[in-house]
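Biologist: I should be grateful for a close look at the disulfides of this protein and at the parts of the chain around them. Please set out what the cysteines join and what lies beside them.

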Amino acid sequence: GALLEDPLATGRPGSDSTAPLFLEEPEDAYVVKSKAGTLSCRAAHALQLYFVCNGEAVRTKHHSAHEFVDPMTGIRQLEVKIDISRNDVEEYFGLDGYGCECIAWSSFGQVKSRRAKVIVASNYRRETKAQKQHICFFS
């Protein structure tokens, strides 16, 4: 029987001879009270991995970056995380809401992830719903 080729293992193991490929794209996040919303992404075959929020590159000092090699494939992977604070979100006045994309770059190309929204969670709706339930329950 023939062995199936690993779709990530293009070229020789450990080489970065292909365009970057996202293994994890950022998901929408919520800022709850003073707890920041965290976005993360992971890519193979990338030399650089960083976030762009609302059209501006996020400075690397705000990134938490990790690099590792998959022991099964020998392929180098990068992972980056950023924390978005309540102030970050509230200071942005764009109509499209606060959002970030992850950019994976190599000499063979650049790819952009889906846009993840960062939303400030509000307790107002929950309290209003609880108050309505309370009123209805005891009236």
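Modeller: The account below begins with the disulfides and then turns to the strands, the aromatic pair and the salt bridges. The model is predicted.

Two disulfides are found when the whole structure is searched. One of them is formed by Cys-41 and Cys-102, with 1.8 Å between their sulfur atoms. Cys-41 belongs to strand E3 (residues 37-44) and Cys-102 to strand E8 (residues 99-106), so this disulfide ties together parts that are 61 residues apart in sequence. Cys-41 and Cys-102 are both buried.

The other disulfide joins Cys-53 to Cys-100, at an S to S distance of 2.1 Å. The link of Cys-53 and Cys-100 is right-handed, with 105° about the S-S bond. Here too distant parts of the chain are linked: Cys-53 is in strand E4 (residues 48-53) and Cys-100 is in strand E8, 47 residues apart. Cys-53 counts as buried because its relative accessibility is 6%, under the cut-off of 20%. Cys-100 is likewise buried, with a relative accessible area of 0%. If the bonded cysteines of the protein are numbered in sequence order, the pairing reads 1-4, 2-3.

The strands that carry these cysteines may be taken next. E4 and E8 run antiparallel and are joined by six bridges. Within that pairing, Phe-51 stands opposite Cys-102 in E8. E4 also runs antiparallel to strand E5 (residues 56-57), to which two bridges join it. Cys-53 has Glu-56 of E5 opposite it. E4 and E5 make a hairpin with two residues between them, and Asn-54 in the turn has a positive phi of about 55°. Cys-53 is thus a residue of E4 that is bonded to Cys-100 and stands opposite Glu-56.

E3, the strand of Cys-41, is part of an open sheet of four strands in the order E1-E3-E7-E6, with antiparallel pairing. Its edge strands, each pairing on one side only, are strand E1 (21-24) and strand E6 (63-69). From one strand to the next, the twist averages 25°. E3 pairs with strand E7 (residues 76-84) in the antiparallel sense over eight bridges. Leu-39 has Ile-82 as its bridge partner in E7.

One aromatic pair is found in a search of the whole structure. The pair consists of Tyr-92 and Tyr-98 and is edge-to-face, with 5.9 Å from centre to centre and 90° between the planes. Tyr-92 is partly exposed, at a relative accessible area of 25%, whereas Tyr-98 counts as buried at 12% relative accessibility.

Charged side chains complete the picture. Side chains of opposite charge can pair when their charged atoms come close. Six salt bridges are found in the whole structure. Among them is that of Asp-28 with Arg-114, whose closest N and O atoms are 3.3 Å apart. This salt bridge links distant parts of the chain: Asp-28 is in the loop between E1 and strand E2 (29-31), and Arg-114 is in the loop between strand E9 (109-112) and strand E10 (116-120), 86 residues apart. Asp-28 is partly exposed, with a relative accessible area of 36%, and Arg-114 counts as partly exposed at 34% relative accessibility.

Another salt bridge brings together the side chains of Arg-76 and Glu-67, at 2.8 Å from N to O. Arg-76 is buried, with a relative accessible area of 18%, while Glu-67 is exposed, with a relative accessible area of 54%.

Arg-115 forms a salt bridge with Asp-96, with 3.4 Å between the closest N and O atoms. Arg-115 lies in the loop between E9 and E10, and Asp-96 in the loop between helix H1 (86-90) and E8; the two residues are 19 residues apart, and the pair links distant parts of the chain. Arg-115 counts as partly exposed at 27% relative accessibility, and Asp-96 is partly exposed with a relative accessible area of 44%. Through salt bridges that share partners, Asp-96, Glu-101 and Arg-115 are joined into one network.

To return to the request, the disulfides connect Cys-41 in E3 with Cys-102 in E8, and Cys-53 in E4 with Cys-100 in E8.

Note on methods: Residues are numbered from 1 along each chain as its sequence is written. This is a predicted model: local features need pLDDT of at least 70, side-chain atom pairs count only at pLDDT 80 or more; totals for chains, interfaces and linings use all residues. Side-chain values use heavy atoms; hydrogens and water are left out. A disulfide is a pair of cysteine sulfur atoms within 2.5 Å. Buried means under 20% relative accessible area, exposed over 50%, partly exposed in between (1.4 Å probe, protein chains only). Rings of Phe, Tyr and Trp (its six-membered ring) pair if their centres lie within 6.5 Å; planes under 30 degrees apart count as stacked, over 60 as edge-to-face and the rest as tilted. Two strands pair if DSSP finds at least two bridges between them. Axes are lines fitted to C-alpha atoms, for helices over the stretch in contact, and angles run from 0 to 180 degrees between N-to-C directions. A salt bridge is a side-chain nitrogen of Lys or Arg within 4 Å of a carboxyl oxygen of Asp or Glu.
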